[in-house]
Amino acid sequence: MPLGGMPAARVGEGAMPAKEWFTAAELAEFGLPGLPTTKRGVNILASRDRWMHRDRAGRGGGVEYHISALPMTAHVALSLKFAPMLPP
């Protein structure tokens with residue numbers, strides 16, 4: 001096991017997160033570099049920069065943004081956050 005007692009993240013094909021679509025609330029909550037920390041702020045940035053999005057299914061509606069639409073620093077941080085971990 002690597003230093004710090006945490007399992008190592010996979011490299012290569014495992015680097016993409018299993019989840020690819022995120023709501024503005026989720027993105028704000030993650031506190032990613034280069035993104036606002038409020039739902040409203042994320043929605044304003046996404047609208048201004050014309051991020052790829054889709055209608056959110058389920059209760060409440062809204063939209064979800066694709067990870068590829070995020071600024072590079074946020075994309076990388078989110079990919080690392082959701083990278084599958086190796087079993088202990």
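## Exposed, buried, or in between?

Let's start with a handy yardstick: a residue counts as buried under 20% relative accessible area, as exposed over 50%, and as partly exposed in between. Take Asp49, which has a relative accessible area of 39% and is therefore partly exposed. Keep in mind that what you're looking at is a predicted model.

## Charged pairs

Side chains of opposite charge can pair when their charged atoms come close. This structure has 3 salt bridges. One of them joins Asp49 to Arg48, with 3.1 Å between the closest N and O atoms. Arg48 has a relative accessible area of 61%, so this residue is exposed.

Next up is Lys19, which pairs with Glu26; here the closest N and O atoms are 2.7 Å apart. Both partners land in the middle category: Lys19 is partly exposed at 30% relative accessibility, and Glu26 is partly exposed at 23%.

Then there's the salt bridge between the side chains of Glu64 and Arg54, at 2.8 Å from N to O. This pair ties together distant parts of the chain, since Glu64 lies in strand 3 (residues 63-66) and Arg54 in strand 2 (residues 53-55), 10 residues apart. Glu64 is buried, with a relative accessible area of just 13%, whereas Arg54 is partly exposed at 37%.

## A three-stranded sheet

Strands of a sheet pair through backbone hydrogen bonds, either parallel or antiparallel. In this model, 3 strands make an open sheet in the order 1-3-2, and the pairing is antiparallel. Strand 1 (21-22) and strand 2 sit at the edges with a single partner strand each, so one side of each has no neighbour in the sheet.

How many bridges join strand 1 to strand 3? There are 2, and the two strands run antiparallel. If you'd like a spot to find on screen, look for Trp21, which stands opposite His66 in strand 3.

## The nonpolar core

Now for the inside. The largest nonpolar core is made of 16 residues, and the ones with the most contacts inside it are Leu27, Leu35, Trp51, Leu70 and Leu78. Three helices each chip in at least two residues of this core: helix 1 (24-30), helix 2 (39-49) and helix 3 (72-82).

Which residues does Leu27 touch, leaving out those up to four places away in sequence? Leu27 is in contact with Phe22, Leu32, Leu35, Val42, Trp51, Tyr65, Leu70 and Leu78.

Methods
Residues numbered from 1 in each chain as written. Predicted model: local features only at pLDDT ≥ 70, side-chain atom pairs only at ≥ 80, totals over all residues. Heavy atoms only, no water. Salt bridge = Lys/Arg side-chain N within 4 Å of Asp/Glu carboxyl O. Buried < 20%, exposed > 50% of the residue type's maximum accessible area, 1.4 Å probe, protein only. Helix = DSSP H or I, 4+ residues; strand = E, 2+ residues; numbered from the N terminus. Core = buried A, V, L, I, M, F, W, Y, C linked by side-chain atoms within 4.5 Å. Contact = heavy atoms within 4.5 Å. Pairing = 2+ DSSP bridges.
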